[in-house]
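Please open the model in a viewer and keep the selection panel at hand. The stops below proceed from the overall fold to the ligands, the nonpolar cores and one helix.

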Amino acid sequence: MVFPAIRIRTHLQTVTLFLCAIVAAFFISAKSAQSDEPKFQGVGSCSSSNCHGAQSPRKGSRILQNEYVTWTKHDKHAAAWRVLTEAGGRSIGRNLGIDHPEKAPECLSCHAGGVDPARADPKYTVEDGVGCESCHGASEQWLSAHTALEATFSNNVSLGLSDLTDAKDRASLCLSCHLGDGSREVPHRLYGAGHPRISFELDTFSALMPAHWQVDKDYTDRKGDYQPAHFWLVGLAVQAREAVLRIGRYRSTPHAAHGLPEFSTFNCFSCHHSLESREFERSNYGGKPGEPRLNLSTVELLSAALRGLNNDLAAALDLRLKDIAESEGEILTDNITKLAADLADQTPAIQQLKIDRKVCGKLAANLVGSADKAAKIYYEQAEQVAMGLSALFSGPCGEANSYGQQMGRLYKILQAPSGFDEAPFRKSIKEIAVSVTKNGP
Ligand code: HEC
Ligand code: HEC
Ligand code: HEC
Ligand code: HEC
């Protein structure tokens with residue numbers, strides 16, 4: 001995990017992409033009768049050097065045009081299918097009794113975008129991994145149109161291009177793979193076989209891909225402003241809801257061996273820690289003795305973040321969390337359903353929260369405060385606090401550079417999840433709290 005301390009922003013001018021239109025038109029093949037839904041055309045349809053395959057950013061273009069090169073060279077999504085064929089993927093497959101993970105729907109659903117074969121144009125190949133259309137939408141209808149001189153973003157969207165400028169929609173898309181959505185999941189069985197632990201935060205992960213787009217004046221003219229703090233907060237709300245829905249899904253369909261609950265719905269480190277840590281010596285370790293804790297870290301953080309900004313919602317979330325902690329069986333399942341519904345109902349209010357520098361300061365103070373006050377900090381919470389802060393300290397709200405060193409130290413402490421030690425994390429957080437109080441975000 002790398003802290004995106006520096007986000008380079010340069011400004012490019014607008015020109016049209018007319019050469020590319022010719023290439024795109026060539027790539028669209030005749031419609032087939034198999035499916036009414038638009039077909040996936042494959043990364044090859046985007047990679048021409050006149051389109052998105054320039055070696056370096058093109059001067060005078062409104063987009064960078066080297067998106068394909070960034071994706072192949074630096075973005076792990078490009079290797080998402082390939083890793084299934086390599087040692088790591090093969091070993092997970094072997095432990096699960098899967099001979100060919102690179103052909104197994106259980107892996108392809110995320111590692112190749114899970115494209116329904118009926119919607120795959122002959123040019124599409126799973127080897128593309130998580131390709132352009134996995135995020136931007138199947139391009140059959142818009143591929144040619146989006147290169148036209150008169151093309152506009154809203155017209156492209158009406159033809160099926162995904163609108164990833166909306167924080168809620170972008171979060172839902174990413175989380176469908178980076179958390180799971182029922183049709184694709186990483187259950188504990190996969191972790192036990194060696195799958196890396198998955199975690200997510202919308203703004204941080206968007207920057208880490210790394211971003212193959214640039215939020216400059218031309219971008220904001222076409223697509224509106226990008227405010228990292230807004231993407232973090234709305235992303236957190238969506239992630240909280242999706243995490244709660246996931247817990248609900250697994251409770252209603254018991255499937256794990258020996259009638260056990262699905263372990264990946266709990267905090268990993270409530271089980272995976274050393275007995276020497278003597279949790280029972282704490283006055284309150286935030287759960288019932290001897291029981292693993294449901295991973296509700298994103299809900300807890302959301303409620304903490306909203307303090308003083310939307311007290312009614314923060315209080316309502318706290319009440320639900322308390323009910324969940326105290327209930328069992330069907331009543332617990334019912335409380336989980338209610339929490340998911342609350343989160344869905346309240347997301348629009350969170351989206352409307354106007355974020356200026358003052359609100360950012362409040363959000364940052366709430367985040368460091370929540371970690372400072374917590375009786376016990378689980379790794380899952382600590383990691384969310386750190387990623388949240390890095391979003392708040394970026395962009396127009398804060399000055400990432402002034403927190404670069406402190407955030408660097410925080411991320412260093414988080415590098416080894418199983419060896420996570422609360423004490424240095426608390427110390428680091430306290431230092432950041434002092435700076436936030438003194439200087440703002
Ligand atoms: C719900 C989506 C999902 C499913 C299903 C899934 N994975 Fe993954 N996988 C991910 C994500 C997301 C990551 C990246 C995690 C991170 O680094 O944050 C990943 C990472 C990996 C990695 C590490 C890649 C690297 O760069 O080192 C391997 C190997 C892997 N998965 C194999 C598999 C195999 C084999 C299967 C099927 C048995 C599978 N995955 C199923 C989402 C999924
Ligand atoms: C994992 C998801 C993902 C993948 C894969 C992906 N993109 Fe993107 N792309 C985004 C997001 C998020 C944005 C930023 C939001 C936006 O501008 O729409 C973006 C923005 C863009 C932009 C807009 C820049 C602007 O100034 O308007 C272009 C062009 C683009 N991507 C092309 C590509 C191409 C070509 C590929 C494949 C080589 C690709 N993307 C793969 C998520 C993705
Ligand atoms: C179709 C499934 C899918 C979607 C949608 C998706 N991802 Fe991923 N993502 C993956 C997989 C699989 C990997 C692991 C690839 C590997 O390591 O080879 C991954 C890896 C990543 C990584 C690298 C993590 C690391 O350990 O370095 C980042 C960052 C990331 N994704 C961000 C995003 C963002 C942001 C979005 C939404 C704009 C998104 N992803 C959408 C499947 C997806
Ligand atoms: C309810 C307790 C519990 C929770 C919660 C839990 N695990 Fe496990 N985990 C186990 C048990 C039991 C095993 C199998 C026995 C063993 O290897 O210690 C195991 C095995 C594993 C292994 C294989 C270890 C090895 O050395 O082979 C990994 C990796 C793993 N879990 C990851 C996770 C992750 C990631 C999470 C959270 C998403 C998680 N676990 C949550 C109990 C748990």
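Helices here are DSSP runs of H or I with at least four residues, and strands are runs of E with at least two, numbered from the N terminus. By that count, this predicted model has 20 helices and zero strands. Colour the protein by burial: of its 441 residues, 39% count as buried. Among contacts with a separation of 6 or more, 74% join residues 24 or more positions apart.

**Ligand 2**

Select ligand 2 and display its shell of 22 residues, in which His 52, Glu 67, Cys 132, Cys 135 and Trp 213 are the closest. Helix 2 (67–74), helix 6 (132–136) and helix 11 (217–223) each contribute at least two residues to this shell. Which helix supplies the largest share of the shell around ligand 2? Helix 6 does, with four residues. Coloured by class, the shell around ligand 2 shows 11 nonpolar, eight polar and three charged residues.

**Ligand 3**

Move next to ligand 3, which 21 residues surround; the closest are Lys 76, Cys 174, Cys 177, Phe 205 and Leu 208. At least two shell residues come from each of helix 5 (105–111), helix 6, helix 8 (167–178) and helix 10 (202–208). Helix 8 gives the largest share, six residues. The shell around ligand 3 comprises 12 nonpolar, seven polar and two charged residues.

**The nonpolar cores**

Now select Val 244 and Leu 392, the residues with the most contacts inside the largest nonpolar core, which has 69 residues. Helix 12 (residues 228–252) gives the most to this core, with 14 residues. Centre the view on Val 244: leaving aside residues up to four places away in sequence, Val 244 touches Val 299, Ile 336, Leu 339, Ala 340 and Leu 343. Another core, of 12 residues, lies apart from the largest one and includes Phe 40, Trp 81, Val 115 and Tyr 124.

**Helix 15**

Finally, isolate helix 15 (residues 311–326). Its end C-alpha atoms are 22 Å apart, in agreement with the 22 Å that its 16 residues should span at 1.5 Å a residue. Which residues of helix 15 are buried? They are Leu 313, Leu 317, Arg 320 and Ile 324. These residues lie on the same side of helix 15 because they cover an arc of only 60° around the axis. Rotate to the face turned away from that buried side to find the exposed residues Asn 311, Asp 312, Lys 322 and Glu 326. Then restore the neighbours: helix 14 (297–305) and helix 16 (329–352) are among the elements that cover the buried residues of helix 15.

Key: Residues numbered from 1 in each chain as written. Chains lettered and ligands numbered in written order. Predicted model: local features only at pLDDT ≥ 70, side-chain atom pairs only at ≥ 80, totals over all residues. Near = placed C-beta within 6 Å. Nonpolar A, V, L, I, M, F, W, Y, C, P; charged D, E, K, R; others polar. Core = buried A, V, L, I, M, F, W, Y, C linked by C-beta atoms within 7 Å. Buried ≥ 20, exposed ≤ 12 C-beta atoms within 10 Å, placed from the backbone. Contact = placed C-beta atoms within 7 Å. Expected span 1.5 Å × (residues − 1). Arc of directions from axis to C-beta.
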